[in-house]
Amino acid sequence: MHLLTVAGRKSGRPRTTPVAPIRVNGHRYLTQAYPNSEWVKNARASGYAVLARGRRTEKVELVELPESERGSILREVPLQNPRGARAFIRNSLVESDSPDGFAAAASRCSVFRIDTSGF
């Protein structure tokens, strides 16, 4: 688990939430497991965040993927984070815990690529 801190889109104050990045083809991604997540709205407004794990912190850019690119990333969620995948089912974002079930939810689940190249 990591902690993601993003500036609030209205207050500008830092907001922190736990996240579980996944790695696909050498890139890290964050996926939305809860509908109408505030961190997603804040990430869209800001585009930048701080990602922390233990004592390590890094400033990152969060690049939202278009719907057409989300399926291949989402199919990795149940493979890399089976426990976390349950939240997608519990929140009715996906219908089954299979990789195909997750890929089919691309229109309902936001996916952000974590980019550190600009820092």
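**Getting to know a predicted fold**

The accessible surface of this predicted model comes to about 6,900 Å², and carbon and sulfur atoms make up 46% of that surface.

Student: How many helices and how many strands does the protein have?

Tutor: Let's read along the sequence, where the pattern is β-β-β-β-α-β-β-α-α-α-α-β. Counting each kind of element gives five helices and seven strands.

Student: Why is the protein said to be as compact as a globular protein of that length?

Tutor: Good one! We can start with the box that the C-alpha atoms fill, roughly 35 × 30 × 25 Å along the principal axes. For 119 residues the globule rule gives 14 Å, so the protein counts as that compact because its radius of gyration is close to this, at 14 Å.

Student: Which helix gives the most to the largest nonpolar core?

Tutor: In soluble globular proteins, nonpolar side chains tend to be buried together. Here the largest such core has 18 residues, and Tyr29, Ile73, Leu74, Val77, Phe88 and Phe102 touch the most other members. At least two residues each come from β3 (22-24), α2 (67-74) and α4 (82-90). The top contributor, with three residues, is α4.

Student: Which residues is isoleucine 73 in contact with, leaving aside its neighbours within four places in sequence?

Tutor: Remember that isoleucine 73 is one of the core residues that touch the most other members. Contact here means heavy atoms within 4.5 Å. With the sequence neighbours set aside, the partners are Ile22, Val24, Tyr29, Leu65 and Val111.

Conventions: Residues numbered from 1 in each chain as written. Predicted model: local features only at pLDDT ≥ 70, side-chain atom pairs only at ≥ 80, totals over all residues. Heavy atoms only, no water. Helix = DSSP H or I, 4+ residues; strand = E, 2+ residues; numbered from the N terminus. Rg over C-alpha atoms; globule rule 2.2 N^0.38 Å. Areas by Shrake-Rupley, 256 points an atom, 1.4 Å probe, with all protein chains shown as cover. Core = buried A, V, L, I, M, F, W, Y, C linked by side-chain atoms within 4.5 Å. Buried < 20%, exposed > 50% of the residue type's maximum accessible area, 1.4 Å probe, protein only.
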